[in-house]
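User: Before we settle on any descriptive labels, could you take me through this structure and show how each label is earned?

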Amino acid sequence: MILEAREVRKRFGAYVALDGVSLAIREGEFVSIIGPNGAGKSTLINVLTGVLAPSAGSVRFKGQDIGGIGTVALTRLGMGRSFQLVQIFPELTVLETLQAAVISRLGKGTRFFSSLRGDRQVQADALEVAELFGLAGKAYALARTLPQGDKKLLDVASAFALRPEIILLDEPTSGVSTADKHVVMEILVGAAKRIGLRAIIQVEHDMDIVFGYSHRIIALHQGKVLADATPAQIQADARVVDMVVGRRRTP
Amino acid sequence: MRTPIVLALVGIATASAPLVSPAYYVTLMLPFMAYGVVLLGLNLLFGSAGLVSFGHALFISIGAYAGAVLTTHLGVRHMELILPAGALAAAIVAAPVGALCVRYVKIYFGMLTLAFGMVFYTFLLKFYRLTGGDEGMRVLRPYLLGREWSGFSKTDYLIGPYYYFSLAVLVLATLLMWRIVRSPFGLCLRTIRDNPLKAESLGISVPRYRWYAFMISAVYAAVGGALLAPPTGNVDPTLAYWTHSGNIVFMVLLGGFSSFFGPLLGAFAFIFLQDTVMSVFPYWRLIFGAVLAFIVIFAPGGLMGLLARRRPAEVPGA
């Protein structure tokens with residue numbers, strides 16, 4: 001078990017966003033979290049990534065309680081994440097963005113006087129990730145000048161450059177054209193294998209992506225886990241299809 | 001013209017100024033070099049970390065008063081001791097002040113730094129026995145390289161040994177800052193400036209790195225302040241006043257905060273422009289206000305931005 005949430009509750013005043021959510025992520029899994037707006041997905045992400053402490057229950061990553069631990073500490077423990085709204089460093093180049101992640105991973109951020117250009121390990125690792133995500137040709141382009149799809153890739157690539165053990169992707173294909181969605185996912189899954197990721201969790205609305213790549217799907221509804229099953233089982237569950245998936249899918 | 005050639009020409013001109021320029025203009029170079037050191041540090045905070053301080057006069061005054069206390073009261077006259085002592089005093093003050101300020105950004109950070117600057121200004125003004133109040137304190141002529149230079153008149157001392165000492169400090173400070181902004185630390189600062197949320201997700205602790213930048217900039221300000229005091233021979237509380245903080249922010253904007261050498265150009269232009277305008281027009285602040293408005297509206301890249309427009313953009317990373 002890499003990541004485990006037990007009976008997690010999260011209240012904001014009188015509003016209960018998560019009401020006894022339990023889930024477990026195992027080695028090698030690609031797990032999708034789905035649910036309608038207001039189901040508690042964003043709150044669950046924030047609890048799983050240590051941004052919010054649960055009001056009750058616990059979240060453990062590699063056996064350690066990570067409730068409210070904070071993003072930086074969790075990143076150091078080995079969890080990476082990308083965001084629903086693309087997050088980049090507009091005035092940094094693609095390579096600099098990836099270098100920053102590599103520097104953070106190697107703990108070199110407080111080297112005040114060493115030359116960044118002269119650090120071969122940082123340069124090589126950053127370039128390797130750029131190649132993995134098909135961004136090597138744009139290594140010296142400013143992030144703000146990239147097309148939207150490449151910005152999304154860069155956001156995810158920088159999280160991969162941390163070489164995390166587990167990664168949480170918040171709508172990895174949002175803002176990407178329909179034609180490019182599967183390209184992005186293929187790159188992402190290929191990169192995950194290459195760097196030896198132990199598990200991927202994604203929050204996704206696009207059911208083609210959810211059913212096309214997941215080993216397991218967790219459906220949330222009104223702050224509770226409605227179903228936690230394989231794509232085939234989810235598909236066969238009329239209640240989940242009606243409440244969360246929205247339409248019956250043809251295999 | 002490529003940057004190394006321009007730098008070499010500027011270096012030659014600066015080094016030969018005492019030999020070829022009238023003494024008056026050479027003495028004007030002294031505050032330029034002192035403010036140059038201050039602005040290198042301030043721009044680490046402004047240009048690299050994206051934080052605008054309106055209270056850095058606090059640290060300039062700490063460096064300047066350190067020189068006054070050491071030379072007048074403690075009998076320490078060696079500039080090689082005054083500079084690190086000023087830097088240490090600034091670091092001691094900057095540690096808690098910075099830890100508080102870097103929790104805030106934008107106008108809140110600026111106002112907090114301004115508030116701390118004004119607290120120190122009031123301390124300098126009201127603790128008369130300790131600081132000399134509004135009259136300030138004398139700064140005795142410091143020894144340079146272990147020598148008193150007693151055979152030199154004040155002007156000869158300033159445009160000779162003191163000039164070259166200041167130049168050496170400025171060059172050293174520039175080289176160190178050049179390394180800092182191009183180090184892994186410098187890159188982490190730029191990630192925080194661009195997108196703190198994303199930086200945190202990459203494991204870069206935003207408050208910690210901002211605090212480091214604040215500390216470094218405070219030390220630079222104090223070293224600049226210690227260089228600023230001996231030419232006038234006196235320090236007073238106006239060094240810590242908020243308008244002084246405003247002036248150095250103006251210098252950074254004038255030169256261009258997005259360029260490494262912009263602030264140095266800004267300091268040079270400010271000092272000489274101020275001297276020229278003051279000599280012909282009593283309401284010089286009116287002119288400076290108009291210049292500042294022009295820069296903010298029409299040339300946000302400052303003088304360096306205007307110069308850069310005249311040549312093709314450099315390939316990033318080349």
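User: Which residues make up the contact of helix 3 with helix 10 of chain B?

Analyst: In this predicted model, F59(B), I60(B), S61(B), I62(B), G63(B), A64(B), A66(B), G67(B) and A68(B) of helix 3 of chain B meet A218(B), A221(B), A222(B), V223(B), G224(B), G225(B), A226(B), L228(B), A229(B) and P230(B) of helix 10 of chain B. Sorted by class, the residues of this contact are 14 nonpolar, five polar and no charged, where glycine is counted as polar.

User: Why are helix 3 and helix 10 of chain B called oblique to each other?

Analyst: Helix 3, residues 57-73, and helix 10, residues 206-232, of chain B pack at an angle of about 50°, with their axes 6 Å apart. Roughly parallel requires an angle under 35 degrees, and roughly perpendicular runs from 65 to 115; the angle of about 50° meets neither condition, and the two helices of chain B are therefore oblique to each other. The crossing of helix 3 and helix 10 of chain B is right-handed.

User: What makes helix 7 and helix 10 of chain B roughly antiparallel?

Analyst: Helix 7 and helix 10 of chain B pack at an angle of about 170°, with their axes 11 Å apart. An angle over 145 degrees counts as roughly antiparallel, and these two helices of chain B are therefore described in that way. On the side of helix 7 of chain B the contact is made by L158(B), Y162(B), S166(B), V169(B), A173(B) and I180(B), and on the side of helix 10 of chain B by I216(B), Y220(B), V223(B), L227(B), P230(B) and P231(B). By class, the residues of this contact are eleven nonpolar, one polar and no charged.

User: Why is G136(B) called buried?

Analyst: The label needs 20 or more other C-beta atoms within 10 Å, and G136(B) has 22, so G136(B) is buried. The place of G136(B) is in the loop between helix 6 (128-131) and strand 1 (137-138) of chain B. Leaving aside residues up to four places away in sequence, G136(B) touches N234(B), V235(B), D236(B) and P237(B). The C-alpha atoms of G136(B) and T238(B) are separated by 9.2 Å, although the two residues are 102 residues apart along the chain.

User: Why does W149(B) count as partly exposed?

Analyst: W149(B) has 16 C-beta neighbours inside 10 Å, and since a residue is exposed at 12 or fewer and buried at 20 or more, W149(B) counts as partly exposed. W149(B) is found in the loop between strand 1 and helix 7 of chain B, and its phi is near 60°, a positive value in a residue other than glycine.

User: How do you know that E7(A) is partly exposed?

Analyst: The reasoning is alike: with 13 C-beta neighbours inside 10 Å, E7(A) counts as partly exposed, because the exposed label applies at 12 or fewer. E7(A) lies in strand 1 of chain A and has a positive phi of about 45° although it is not a glycine.

User: What makes strand 2 and strand 5 of chain A edge strands?

Analyst: The sheet is open, with four strands in the order 2-1-4-5 (chain A) and antiparallel pairing. Strand 2 (15-25) and strand 5 (64-65) of chain A each have a single partner strand, so one side of each is left without a neighbour in the sheet.

User: How do you know that strand 4 and strand 5 of chain A pair?

Analyst: Pairing calls for at least two bridges, and strand 4, residues 56-61, and strand 5 of chain A are joined in the antiparallel sense over two bridges. F61(A) stands opposite Q64(A) in strand 5 of chain A, while the bridge partner of R60(A) in strand 5 of chain A is D65(A). Strand 4 and strand 5 of chain A form a hairpin with two residues between them, and K62(A) in the turn has a positive phi of about 55°. Strand 1, residues 3-12, and strand 4 of chain A pair in the antiparallel sense over five bridges, with L3(A) opposite F61(A) in strand 4 of chain A.

How values were computed. Residues numbered from 1 in each chain as written. Chains lettered and ligands numbered in written order. Predicted model: local features only at pLDDT ≥ 70, side-chain atom pairs only at ≥ 80, totals over all residues. Contact = placed C-beta atoms within 7 Å. Axes fitted to C-alpha atoms, helices over the stretch in contact; angles between N-to-C directions. Left-handed = near helix turned anticlockwise from the far one by under 90°.
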